[in-house]
Amino acid sequence: MRITDTSDQWWKTAVIYCLDVETFYDSDGDGTGDLHGLAERLDYLAELGVTCIWLMPFYPSPQKDDGYDVSDFYGVDPRVGTAGDLVEVVRTAHDRGLRVITDLLVNHTSDAHPWFKESRRSTGSAKRDWYVWRSDAPPDTSAEVVFPDQEKAIWSLDDRTGEWYLHHFYSHQPDLNVANPAVRDEIARIAGFWLELGIDGFRVDAVPFFVEDVETAMSSSRASAKRGTKGRSGPSNEGDDQVAAAVSPHQHLKDLRAFINRRNGSAIMLGEVNLPHRQQRAYFGGDAGDELHMMFDFIGMQKLYLSLAREDSRPLARALLDRPDIHPSCQWATFVRNHDELTLDKLTDKERQEVFAAFGPEPEMQIYDCGLKRRLPPMLGGDPRRIRMAYSLMFSLPGTPTLFYGEEIGMGEDLAGEGRHAVRTPMQWTDGPTGGFSTAPPHRLVRRPTPDGFGPEHVNVVSQRMDPDSLWTFMRHLTQTYRSCPELGWGDLTVLPQPDHQVLAHQCSTGEAAVIAVHNFGADPRTVTLDLSSWVSDGDVELADLLSGGEVATKDGSLEVVLDGYGYRWLRVHPKGDLRIP
């Protein structure tokens, strides 16, 4: 497979970089990052090897949930700039060959949004059914709360009308009623607006919740019909007629993807779907592949941490093998860390406690009883061998690697930060008191810099960018190597048999070429023997060491791989004379 064969489905071999505008770079010295600052740092991202930037919410917001409580889906928060500034960021990014995606928040709004203000005005409001309401007291829903330290139920009583509204997250974030055709049309209108401004797609927030909301709204409507009261899943219909007209839960995703790709054939939807494997495939659209283009591999991420804690590759290997088959146009997004808490909710209680004991033993390191508010380097004690092994592994897994800003230099967290803010500290550009993020005094920053041993004086871009042995240089090498190997984005996965549980050996193959990666999860050196007879018996192929360079010799079709403690190797079987070797 040639790289040019995959260019119309760019997301299959992209390198995604997530950032928060307000903590990335402050260009005007007011203490808050801004779009002008981001534009000034696009060359940095292009040099790193990033191909797609994912912007966390920049919309107007009361900022009760770091921008995820949106009060205007068509605007830009004046703290970070204007719509014109955003267009300039997109244009400049495109000039550098970078695509730009942004968060599409279709599950909820802020309670300060004009839609909700109108909805709660009265039970007969024109936008009453833009949200999910119920007139009867809800049952105990404490087990369904996403943030148990903040909320006790997913329904809240509105004093003005005496009815309850649904909110899977905070009570100040009422859930939209996606069963309402008018709401679905508005969501499409929002997506179309940003596509017209040059956005290349969307990271779709909390996908399972708004699909569940369709079911909840339909159930509420049926119950209302039986009572002879107004339904809850459409703008004007009532009772059974409205239920019959309601969209099926997954049809909204299909319709949204079809709309987005009519407007921009190469635009994507990258979904946040943290569900068991048996349910994930449906969100890709099953055999049709007509819902989400991409989905984060939450299960693979959680099993990775279990493997790191145990120094045993088997939990991750099992998770990779259990991935459901997906349509060729769809893709997994792999990640070590994202912008939220490091959730461990798909592990058993015993497995979660193992990870807590290894990487977050103190209560202030844990969040919501099922996650960690830490970044990888502090969790691994700053051990450069383990850190590099983990990122080598992420880039070598079948899928699209996704980085959270600062990972390329090994930033740490601020455990004193509230909740998810612990990992959303300002980007560390220099060794100055504000990390070169802003010229404002430290007390005026939107968030304080990372303290202690992972602070700017120890970890920053300037000191690493010109250092050939730095983590930044290593990460750039990984992005370049990954981009030269389309097998990693398009190939079929095989976990290669070998007897050592500390070692994961896997292969991503397109038939004519393959990348074989070997990673040692343990501190002790290991030597493993791989059977490559099916490849090397063909005299027209060669075996190259991708990270170290040079050819690799085999003996009678077998390859002996020597690994240091936490060591790793990338090998590529390729046609002779192939110049795609980094």
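**Pockets, a barrel and a few odd residues**

Visitor: Which helix gives the largest share of the lining of the largest pocket?
Guide: Helix H7 gives 3 residues to that lining, and helices (H or I, at least four residues), like strands (E, at least two), are DSSP runs numbered from the N terminus. Keep in mind that this is a predicted model, where local features need pLDDT of at least 70, side-chain atom pairs count only at pLDDT 80 or more, and totals for chains, interfaces and linings use all residues. Residues are numbered from 1 along each chain as its sequence is written, and side-chain values use heavy atoms, leaving out hydrogens and water. So that you can find the helix by those numbers, the largest share comes from H7 (residues 207-227).

Visitor: How much space lies in the largest pocket?
Guide: A pocket is an open set of points on a 1 Å grid over the protein atoms alone, with protein on both sides within 12 Å along at least five of seven lines; a cavity is a set where a 1.4 Å probe fits but cannot get out, and lining residues have an atom within 4 Å of a point. Points are joined across faces, edges and corners, and a volume is the space filled by probe spheres set on them. Of the 32 lining residues here, Val146, Phe169, Phe209, Asn274 and Asp345 come closest to the centre. The space in this pocket is about 680 Å³.

Visitor: How many residues of that pocket's lining are charged?
Guide: Asp, Glu, Lys and Arg count as charged; Ala, Val, Leu, Ile, Met, Phe, Trp, Tyr, Cys and Pro count as nonpolar; the others, Gly among them, are polar. The lining has 14 nonpolar and 7 polar residues. The charged ones number 11.

Visitor: What about closed-off spaces: what volume does the largest cavity have?
Guide: There are 3 cavities of 30 Å³ or more in the structure. The largest has 14 lining residues, and Gly300, Met301, Thr334, Phe335 and Leu397 are the closest to its centre. Its lining splits into 10 nonpolar, 2 polar and 2 charged residues. The volume is about 100 Å³.

Visitor: Which strand gives two or more residues to the lining of the largest cavity?
Guide: Three helices each give two or more residues: H11 (298-310), H12 (314-322) and H15 (384-396). They share the job with a strand, E10 (331-335).

Visitor: Are the residues of E10 buried or exposed?
Guide: The cut-offs are under 20% relative accessible area for buried, over 50% for exposed, and partly exposed in between (1.4 Å probe, protein chains only). In a regular strand the side chains alternate between the two faces of the sheet. Here Gln331, Ala333 and Phe335 point one way, while Trp332 and Thr334 point the other way. Yet 5 of the 5 residues of E10 are buried.

Visitor: Which residue of E10 is the bridge partner of Phe296?
Guide: Strands count as paired if DSSP finds at least two bridges between them. Strand E9 (residues 294-296) and E10 are parallel, with 3 bridges, and Met294 stands opposite Gln331. The partner of Phe296 is Ala333.

Visitor: And which residue of E14 is the bridge partner of Thr334?
Guide: E10 is also joined by 3 bridges to strand E14 (residues 400-404), again in parallel. Across that pairing, the partner of Thr334 is Pro401.

Visitor: How many strands make up the closed barrel?
Guide: You can follow the barrel through E1-E2-E3-E7-E8-E9-E10-E14, with parallel pairing. From one strand to the next, the twist averages 25°, with axes fitted to C-alpha atoms (for helices over the stretch in contact) and angles from 0 to 180 degrees between N-to-C directions. The strand count is 8.

Visitor: Where does Asp66, with its positive phi, lie?
Guide: Most residues other than glycine have a negative phi, and most peptide bonds are trans. Asp66 is not a glycine, but has a positive phi of about 50°. It lines the second largest cavity, along with residues including Asp20, Tyr59 and Arg79. Asp66 sits in the loop between strand E2 (52-55) and helix H4 (83-95).

Visitor: Why does Tyr368 count as buried?
Guide: Tyr368 is another non-glycine residue with a positive phi, about 60°. You'll find it in the loop between strand E12 (366-367) and strand E13 (371-372). It counts as buried because its relative accessible area is 12%.
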